[in-house]
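Okay everyone, thanks for coming. I'd like to walk you through one structure today, so have a look at the screen and we'll take it piece by piece.

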Amino acid sequence: MSIFLRSPSFEDKGIIPSKHAYDREDVSPAIQWENLPEGTKSIALICEDPDAPMGDWIHWIVFNIPPTKKGLEEDIPKVEELSDGTKQGKNDYGKIGYGGPCPPFGTHRYIFKVYALDAKLDLKPGCTKAELLKAMRPHIIDQGEITGLYSRK
């Protein structure tokens with residue numbers, strides 16, 4: 001992985017502020033990247049909680065992010081498509097866009113994975129993680145990740 005990710009909202013392996021939690025303000029954190037490989041035609045992001053009791057819980061799916069963007073700002077609107085053509089999938093809360101941490105117990109990890117793709121995906125907004133992975137698998141040229149931690153108090 002050579003794409004470098006960071007967030008002004010939290011440090012890698014650091015605590016995600018409560019304003020990003022599902023039962024609080026539920027605003028998406030800012031995620032920034034650099035070192036995209038040459039030939040990147042679009043970017044995708046998946047955020048999931050691998051510590052959820054039922055297995056991976058999907059918190060955010062974003063794709064067809066223009067390769068000229070250096071990240072996603074905080075509080076991305078929860079709409080199917082943004083003005084720049086970026087599309088959002090359905091999270092495991094059954095909603096479009098970001099759905100923040102809400103662990104039933106303990107501290108959970110929230111892994112934000114960014115993928116550089118050699119194509120723009122012909123996929124409709126509201127897709128699932130499985131649909132996105134299937135569409136992007138042959139087009140992944142690089143990836144990177146950052147992990148945040150969260151526990152309810």
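Let's start with a pair of strands: do β2 and β9 pair in the parallel or the antiparallel sense, and over how many bridges? They pair in the parallel sense, over two bridges. One thing before I go on: this is a predicted model, so please keep that in mind throughout. If you want to find that pairing on the screen, look for Ile15, whose bridge partner in β9 is Leu149.

Now let's zoom out to the sheet. Six strands make an open sheet, and the order is β2-β9-β8-β4-β5-β7, with mixed pairing. The edges are β2, residues 14-15, and β7, residues 87-88. Each of those has a single partner strand, so one of its sides has no neighbour in the sheet.

For those of you new to this, strands of a sheet pair through backbone hydrogen bonds, and that can be parallel or antiparallel. We've had a parallel pair, so here come antiparallel ones. β8 and β9 pair that way over 10 bridges, and there Leu117 has Ile140 of β9 as its bridge partner. β4 and β5 are antiparallel as well, over six bridges, with Asp49 standing opposite Trp57 in β5.

What packs on this sheet? That's α1, which touches β4, β5, β8 and β9. The direction of α1 makes about 145 degrees with that of β4.

Let's look at that helix properly. α1 runs over residues 129-136, and its buried residues are Leu132, Leu133 and Met136. Why do these sit on the same side of α1? Because they cover an arc of only 100 degrees around the axis. As a rule of thumb, an α-helix has 3.6 residues a turn, so residues three or four places apart point the same way. Over on the other side of α1, Ala130 and Lys134 are exposed. And the cover over the buried residues includes β4, β5, β8 and β9.

Next, two residues in loops. Phe10 is in the loop between β1 and β2, and it counts as buried because its relative accessibility is 4%. Try this one on the screen: Phe10 and Thr147 are 137 residues apart in sequence, but from C-alpha to C-alpha they are 9.0 Å apart in space. Leaving out residues up to four places away in sequence, Phe10 touches several others, among them Ile15, Pro29, Phe112 and Thr147.

The other one is Ser28, in the loop between β2 and β3. Ser28 is buried too, with a relative accessible area of 1%. A polar atom of the Ser28 side chain lies 2.8 Å from the backbone nitrogen of Ile76. Beyond its neighbours within four places in sequence, the contacts of Ser28 include His20, Trp60, Tyr98 and Ile76.

Last stop: the cysteines. How many disulfides do we count? Zero. Cys47 is in no disulfide, since the nearest cysteine sulfur, the one in Cys102, is 13 Å away, and that is too far for a bond. As for their surroundings, Cys47 counts as buried at 1% relative accessibility, whereas Cys102 is partly exposed, with a relative accessible area of 25%.

That's my tour, so over to you for questions!

Definitions and conventions: Residues numbered from 1 in each chain as written. Predicted model: local features only at pLDDT ≥ 70, side-chain atom pairs only at ≥ 80, totals over all residues. Heavy atoms only, no water. Buried < 20%, exposed > 50% of the residue type's maximum accessible area, 1.4 Å probe, protein only. Helix = DSSP H or I, 4+ residues; strand = E, 2+ residues; numbered from the N terminus. Arc of directions from axis to C-beta. Contact = heavy atoms within 4.5 Å. Disulfide = S-S within 2.5 Å. Pairing = 2+ DSSP bridges. Axes fitted to C-alpha atoms, helices over the stretch in contact; angles between N-to-C directions. Polar contact = N/O pair within 3.5 Å; in protein donor to acceptor, adjacent residues only side chain to side chain.
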